[in-house]
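Here is a short tour of strands, packing and an enclosed space. Have the viewer open as you read.

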Amino acid sequence: MTLLVLFVIFLVADFSVRNYLALRQIRHVRAYQDQVPAEFSHHISLRSHQRAAKYTSARAQLSLLESTVDTALLVGLLLLGGLQWLDTFWARTLDNDWLRQLALIGSVFFLGGLVQLPFTVWRTFVLEQRFGFNRMTPRLFVSDLIKTLLLSVLLGVPLISAVLWLMASTGSAWPWWAWLIWVSFSLCVMWLFPSVIAPLFNQFKPLERADLKHRIEQLAQRCGFTLSGLFVMDGSKRSAHGNAYFTGIGNNKRIVFFDTLLNKLNEDEIEAVLAHELGHFKFHHIRKRMVLSFGLSLVLLLCLGWLSQHVWFYTELGVLPQLSRPNDGLALILFFLTVPIFTFWAGPLFSFLSRKDEYQADAFAAQQSRPEFLVQALIKLYDDNAATLTPDPLYSAYYASHPAAVQRVHYLKQFYEKN
């Protein structure tokens, strides 16, 4: 079986499964929209439950269209000669091989971003606006877009340039060196994110609520978590959704609250949510995911190192490599365009592992706080964020990084009796 036939089979299967799952989600959510699950009937109104169903359906419908356009773009680039045309255009336009390859990679990413832009605009200013979540202004949207583009160029060009140089200069060992560069780059970005990158988009102020700050510091101390700060982020200037997260590595770790979250939960509930997040730290979930991610990236780079040496890798995917010029940039962009099609099928495994981690973090939170406080917080967040309480089981098994609401509440309630 040729690579072209294999790619087409996986592409059709990927497109079909994505759309099948999205349609299942829409049908299932709508089928149960007229009855609030018993576990939530005393806390969430039928009107809120129906609003969540409509919100979930609207998001799934948009993802259907987005998936179709993404697939069409991939077909246009690979099977209809779009990538070949771009490669030929830049070969005729630029004599410098480094600039030519950068231009090819950059133009593909730019084209992908351009295709995604209407969906981002619609999601922000139509879908999120319709359900009362959007607080983004057009001016802020454009500002974020420009900052993201500039940041992508400032960070991406040196990284890609380094990889292209390694591919041209270090022979068959280049995947190992490129992997070391990627790991170093990723760790550096993680370390810089809290204090350098994130402040480009949001304002971060130290948490001023003394009682809450003291409780969180005591909780972190009990869990062996060393903090470099507790901060409140002005998330409300973009969205009404609430959240809290840990960021940074090493001695640059922070706990960040969305201001919207602090307005929705009381101190007991906030402490329970943070205890859950600290559970991820306690059981090294983030570190394990990083190790897994870095391991997979090495495997992918080694695969690319082997594939890039074979002419059929290019020709079977719709492009002719340059005869007398480097094709490393072409190999990179070909590989990263096609990899998601072949790795999509690993999604359920990673979703399962993520849900397993969430249960473990919930159990930890039930021990460090009180399980009923976490349940109360989750119910409020489900309600305020219009998260469906009745997702399709198969859709959730494939995509969901967190257990379904009913399952999660059932799990936490078993700790009531123990306490």
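## Strand E2 and its neighbours

Strand E1 (residues 204-206) pairs with E2 in the antiparallel sense, over 3 bridges. Strands here are DSSP runs (E, at least two residues) and helices are runs of H or I of at least four, numbered from the N terminus; a pair needs at least two DSSP bridges. This is a predicted model, where local features need pLDDT of at least 70 and side-chain atom pairs count only at pLDDT 80 or more, while totals for chains, interfaces and linings use all residues. Residues are numbered from 1 along each chain as its sequence is written, and side-chain values use heavy atoms, without hydrogens and water.

The partners of E2 are easy to compare:

| Strand | Sense relative to E2 | Bridges | Residue opposite Phe 231 |
|---|---|---|---|
| E1 (residues 204-206) | antiparallel | 3 bridges | Pro 206 |
| E4 (residues 254-258) | parallel | 4 bridges | Val 256 |

Side chains in a regular strand alternate between the two faces of the sheet. In E2 (residues 230-233), Leu 230 and Val 232 on one side and Phe 231 and Met 233 on the other are all buried (under 20% relative accessible area with a 1.4 Å probe, protein chains only; exposed is over 50%, partly exposed in between).

## Packing

The largest nonpolar core (buried Ala, Val, Leu, Ile, Met, Phe, Trp, Tyr and Cys joined through side-chain atoms within 4.5 Å) has 45 residues, of which Phe 40, Leu 207, Ile 216, Ile 255, Phe 257 and Leu 274 touch the most other members. Helix H14 (residues 371-384) gives the most to this core, 8 residues.
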